[in-house]
Amino acid sequence: MWVYEKKLQYPVKVSTCNPQLAKFLVEQYGGADGELAAALRYLNQRYTIPDKVVGLLNDIGTEEFAHLEMIAAMVYKLTKDATPEQLKQAGLADHYVNHGEALFYSNAAEVPFTATYIQAKGDPIADLYEDIAAEEKARATYQWIIDMSDDVDLNDSLRFLREREIVHSLRFREAVEILKEERDRKKVF
Amino acid sequence: MPKTLPKEYYSMLEEIQAVDFAITELNLYLDTHPEDQEAFKQLTELSEEKQRLLKPFEQKFGSIRPDGIDDHWTWSKGPWPWQV
Amino acid sequence: MAKNQVYTKSYHPYHSLNDPCPDPGEKHYSTPPHLYMGFQPEKLPQFTPKEALQKGTLWPALYDPYEKNQKLKG
């Protein structure tokens, strides 16, 4: 189970009224390497991975939901006061016609989220390598969004999220070492 | 519509977020370093620190958790994290 | 360019006389600190919780500030 805490993991501030940034950000909401995909990927894999690394998948998967909420907060703040005309200029007309002001799990090109973004091979090494790749791809996506954005406050939150991908990637790499049983061996000798 | 929150809300919340973030980092670290007693001790201390910080914040601005101790029901009252 | 020397690498792609856009010079890519760490050692120096939140990690050894790609700023 999960217990909700009424706070974001990191403060989200947006300093410019620029709904176009929301269009870019949804890539990390419902895109292939986004936070939803990450959360679902890890929490699904945890059932069929050796006990030694279940906790890690569980806890990183949980943190991804906190990141999903941060992205949602950004998108919400960027779009909530925008007029339909502003949304149209931001390239969000298609979104508005289908969803109004609601958020939706799609990527930046409006392609709806699909379970095919998530791999589950049931082979611990294959799954962990998938997770490492997912973290590096999410890190890259944050870089490209930061490149496209001139919003200083937004970029501050995005840099936080990018750094989290680095830490998660390291932990998954450590999980591989644990499963190789290299770590324990080093201690013996 | 609820009144705009004072600056104090953000500064007090950020202190909680900071301690909570260190807890998250140590949590993930301990998942792959379960034998690091020093890190575990630090995690325990930070958890106590978090409880200490939560008290005055929740008294002023309402519960952060649905099981938060309060003299009346504040949990479901806004504003919500994505609104502030 | 004030790029982080350690965790940013660069290369210069071939630029042809027939390329329509001016040569932007070096391209950069990230090689963040976790790639060099292997298994995180115990007792690494830490940021204070406040700094850690601001940086996105508790450990300076894992901190990699990302700079905007300048060529995209036009």
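pLDDT is the predictor's confidence in each residue, on a scale from 0 to 100. The structure above is a predicted model, and the exercises below work through its confidence, two helix pairs and the contacts between chains.

**Exercise 1. Judge the confidence of chain C, and name the elements with the lowest and the highest mean pLDDT.**

Begin with the chain as a whole: chain C averages a pLDDT of 88, and 86% of its residues score at least 70. Then turn to its elements, among which strand S2 (residues 27-30) of chain C has the lowest mean pLDDT, 92, whereas H2(C) has the highest, 98. For the model overall, the scores are ipTM 0.94 and pTM 0.94. As a caution in reading, predicted coordinates should not be read in detail where pLDDT is low.

**Exercise 2. Determine how H3(A) and H7(A) are oriented relative to each other.**

Take the geometry as the starting point: helix H3 (residues 35-45) of chain A packs against helix H7 (residues 124-148) of chain A at an angle of about 165°, and their axes are 11 Å apart. Angles over 145 degrees count as roughly antiparallel, and H3(A) and H7(A) are therefore roughly antiparallel to each other. Their crossing is left-handed. Finally, look at the residues: Ala38(A), Arg41(A), Tyr42(A) and Gln45(A) in H3(A) meet Asp127(A), Asp131(A), Ala134(A) and Ala138(A) in H7(A), a contact that divides into 4 nonpolar, 1 polar and 3 charged residues.

**Exercise 3. Repeat the analysis for H4(A) and H8(A), and find the classes of the residues in their contact.**

The packing angle of H4(A) and H8(A) is about 165°, with the axes 11 Å apart; by the cut-off used in the previous exercise, over 145 degrees, these two helices are therefore roughly antiparallel. H4(A) passes H8(A) in a left-handed crossing. The residues of H4(A) that take part include Leu56(A), Ile60(A) and Met70(A), while those of H8(A) include Leu161(A), Arg164(A) and His168(A). By class, the contact of H4(A) with H8(A) has 10 nonpolar, 3 polar and 3 charged residues.

**Exercise 4. Find which helix gives the most to the side of chain A that touches chain B, and then describe the contact of chain C with chain A.**

For the first part, 23 residues of chain A are in contact with 16 residues of chain B. Helix H4 (51-79) and helix H8 (152-180) of chain A each supply at least two residues of that side of chain A, and H4(A) gives the most, with 9 residues. This side divides into 13 nonpolar, 2 polar and 8 charged residues.

For the second part, the contact takes 18 residues from chain C and 16 residues from chain A. On the side of chain C, the elements giving two or more residues are helix H1 (34-37) and helix H2 (49-55), and this side has 9 nonpolar, 6 polar and 3 charged residues.

Note on methods: Residues are numbered from 1 along each chain as its sequence is written. Chains are lettered from A and ligands numbered from 1 in the order in which they are written. This is a predicted model: local features need pLDDT of at least 70, side-chain atom pairs count only at pLDDT 80 or more; totals for chains, interfaces and linings use all residues. Axes are lines fitted to C-alpha atoms, for helices over the stretch in contact, and angles run from 0 to 180 degrees between N-to-C directions. Helices (H or I, at least four residues) and strands (E, at least two) are DSSP runs, numbered from the N terminus. Angles under 35 degrees count as roughly parallel, over 145 as roughly antiparallel, 65 to 115 as roughly perpendicular and the rest as oblique. A crossing is left-handed if the near helix is turned anticlockwise from the far one by less than a right angle, and right-handed if clockwise. Two residues are in contact if their C-beta atoms, placed from the backbone, lie within 7 Å. Ala, Val, Leu, Ile, Met, Phe, Trp, Tyr, Cys and Pro count as nonpolar, Asp, Glu, Lys and Arg as charged, and the others, Gly among them, as polar.
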